[in-house]
Amino acid sequence: MLDYGCGSGGSVGFAKYLSWDAEGIEFSQFAAQVGQESGLSITCGSIEELEKRSNRYDHIMSSHCVEHVPEVERLFKAFYRSLKKGGTLAIDIPNGSSL
């Protein structure tokens with residue numbers, strides 16, 4: 001599973017606790033580093049990092065992140081390409097009126 005916009009990795013850590021193979025992508029270098037220092041698999045990056053990961057995930061989640069991405073169409077194409085056939089995408093967008 002992937003948490004896109006994972007911050008310091010709270011969801012990644014919880015998924016690993018549940019025995020999931022979990023990793024994250026985080027834009028903030030500081031937040032990514034905090035998660036990495038906790039032993040989590042977190043990569044600092046954005047859409048370009050996701051675009052490198054074709055057909056890789058059974059589940060992708062993104063919470064409080066998508067509304068901050070200026071290239072939303074590019075992001076959703078990357079989500080789609082990164083999911084395995086039958087995979088799921090869960091998104092939480094608290095600010096629905098954001099661009």
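Reader: Where does His64 lie in the chain?
Author: This is a predicted model, where local features need pLDDT of at least 70, side-chain atom pairs count only at pLDDT 80 or more, and totals for chains, interfaces and linings use all residues. Residues are numbered from 1 along each chain as its sequence is written, and side-chain values use heavy atoms, leaving out hydrogens and water. Helices (H or I, at least four residues) and strands (E, at least two) are DSSP runs, numbered from the N terminus. By that naming, His64 is in the loop between β4 (57-63) and α4 (72-82).

Reader: Thanks! Is His64 buried, partly exposed or exposed?
Author: Buried means under 20% relative accessible area, exposed over 50%, and partly exposed in between (1.4 Å probe, protein chains only). The relative accessible area of His64 is 45%, so this residue counts as partly exposed.

Reader: What is phi of Ser19 near?
Author: Most residues other than glycine have a negative phi. Ser19 sits in the loop between α1 (10-17) and β2 (23-26). Its phi is positive although the residue is not glycine, with a value near 75°.

Reader: Which kind of aromatic pair do Tyr4 and Phe79 form?
Author: Good one for a chemist: rings of Phe, Tyr and Trp (its six-membered ring) pair if their centres lie within 6.5 Å, and planes under 30 degrees apart count as stacked, over 60 as edge-to-face and the rest as tilted. The structure holds 3 such pairs. For Tyr4 and Phe79, the centres are 5.6 Å apart and the planes stand at 90°, so the pair is edge-to-face.

Reader: How many residues apart in sequence are the parts that this pair ties together?
Author: Tyr4 is buried at 3% relative accessibility, and Phe79 is buried at 0%. Tyr4 belongs to strand β1 (residues 2-4) and Phe79 to helix α4, so the parts tied together are apart in sequence by 75 residues.

Reader: And how are the rings of Phe14 and Tyr17 arranged, stacked or edge-to-face?
Author: Both residues lie in helix α1, 3 residues apart, about one turn of the helix, and both are exposed. Their centres are 6.3 Å apart with 25° between the planes, an arrangement that is stacked.

Reader: Which residue in β2 is the bridge partner of Leu2?
Author: Two strands pair if DSSP finds at least two bridges between them. β1 and β2 run parallel, joined by 3 bridges. In β2, the partner of Leu2 is Glu23.
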